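This briefing looks at how the parts of one protein model are arranged and at the surroundings of one chosen residue. Please keep the structure in view while reading.

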Amino acid sequence: MKSILILGIESSCDETATALYDSEKGLIAHNIFSQIDLHKQYGGVVPELASRDHIKKLLPLIDSLIKENRLDLTDLDAIAYTSGPGLSGALLVGSVVANGLAYSLGIPSIPVHHMEAHLLAPLLEHNQTAMPFVALLVSGGHTLLIKVEQIGDYQLIGQTLDDAAGEAFDKAAKLLGLDYPGGPAIAKLAQSGKEGIFEFPKPLTKKKDSLDFSFSGLKTSLLYKVQELESKNLLSEQTKADLAHAYEDAIVDTLIEKSRRAIQFAKVNSIVIAGGVGANTKLREKMKDLFSKKGIEVVYPSIEYCTDNAAMIALTGLYNLKEGISNDSYEINVNPRWSIDSIYNSHG
Ligand code: KG4
Ligand code: ZN
């Protein structure tokens, strides 16, 4: 049987990315342009600037990906793109390019749910991951615990009631005067912070059976602490590092405790961690340490596949295509608030 070559396009937020995935050979290549420098001065992503930059970068990225791999656009069998959730203007750029190109080439265009793609990202490298598994999906907009029975068969077992874990990192970084994105900035500062100087509440870990998260109280505790220290003129660089250390610990320990409960609840032996916060070294190390002692397999994508990328979009597009999911009308549709619920059992 002839293999299927898919072009993946990601443009849901502040990364423009493209990838080539072959059904037989796996990932051929991928590239990415990060807009971090563009948004840094504003302390967060500015949607209009994001869309305009996707317009500038997307076609050149596709062009170089195709050329560097000595291919031609006519070699493509399908084009997969993120159609939600995300920033509407940013998503539209990906949708216009994917649908326009697919229409002109006479090949299917495949809408992909960004969070399902994060969920399947570990399969780019670990296609032997034992199913069923629990996935902890932690990004800038989501904090979810999902039981994955098999590809396309998902059960939501826990989620955040307010802020996402990445958002908690980003807001804390802003409070401490650090650069965007906040996760890596807090993690870096935390390294020079001392243990035990501050302690923040670990949200909802005391409610024994809960698999849900709540991070907004944690952010408020930090705000009050920063205001108190500032009013006493005690907010030195070392104090900021000590605060970052305790704050990172509170988030990491909460994610680990809820994951432990989820594994028990779902009766599985593997956990997959995906999404931008999954790039956090403390989380990766502590989780692996604790769970491997209990005989639990801990699977992470490499850092490059944890944060936004198009390789995971192309891979998920392939699964969608096999299930007959495609945008037959080539309509330029996006789904900025696409709920994760709607993908459950979507392939089943
Ligand atoms: O999945 P992602 O790249 O984009 C979406 O939100 O879909 O996740 C971005 C989030 C940001 O909130 C960022 O601060 C966080 O992931 N992040 C981290 C780290 N690297 C990225 N959080 C903690 N530690 C990190 N090393
Ligand atoms: Zn993402």
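The points below treat the domains, their interface and a single helix residue in turn.

The model is a predicted one, and its domain assignment gives domain 1 as residues 5-120 + 308-346 and domain 2 as residues 129-300. Taken over C-alpha atoms, the centres of domain 1 and domain 2 are separated by 28 Å, and the contact draws 20 residues from domain 1 and 19 residues from domain 2.

**Interface between the domains**

- Between them, domain 1 and domain 2 bury about 1,700 Å², with 70% of this area on carbon and sulfur atoms.
- The rule finds zero salt bridges across the interface of domain 1 and domain 2, whereas two residue pairs are found in polar contact there, both at pLDDT 80 or more.

**The side contributed by domain 1**

- Helices α1 (36-40) and α4 (114-120) each supply at least two residues of the side of domain 1 that touches domain 2, and α4 gives the most to that side, with five residues.
- By residue class, the side of domain 1 that touches domain 2 divides into 11 nonpolar, five polar and four charged residues.

**Residue L105**

- L105 lies in helix α3, which spans residues 88-105, and L105 counts as partly exposed because its relative accessibility is 26%, between the bounds of 20% and 50%.
- Residues up to four places away in sequence not being counted, L105 touches L73, T74, L76 and I79.
- L105 and D75 stand 30 residues apart in sequence, and their C-alpha atoms are 9.7 Å apart in space.

Terms used: Residues are numbered from 1 along each chain as its sequence is written. Chains are lettered from A and ligands numbered from 1 in the order in which they are written. This is a predicted model: local features need pLDDT of at least 70, side-chain atom pairs count only at pLDDT 80 or more; totals for chains, interfaces and linings use all residues. Side-chain values use heavy atoms; hydrogens and water are left out. Domain bounds come from an automatic or database domain assignment. Contact means heavy atoms within 4.5 Å. Buried area is the accessible area (1.4 Å probe) that two parts lose on being put together, summed over both. A salt bridge is a side-chain nitrogen of Lys or Arg within 4 Å of a carboxyl oxygen of Asp or Glu. A polar contact is a pair of N or O atoms within 3.5 Å; within protein, one must be able to donate a hydrogen and the other to accept it, and residues adjacent in sequence count only if both atoms are side-chain atoms. Helices (H or I, at least four residues) and strands (E, at least two) are DSSP runs, numbered from the N terminus. Ala, Val, Leu, Ile, Met, Phe, Trp, Tyr, Cys and Pro count as nonpolar, Asp, Glu, Lys and Arg as charged, and the others, Gly among them, as polar. Buried means under 20% relative accessible area, exposed over 50%, partly exposed in between (1.4 Å probe, protein chains only).
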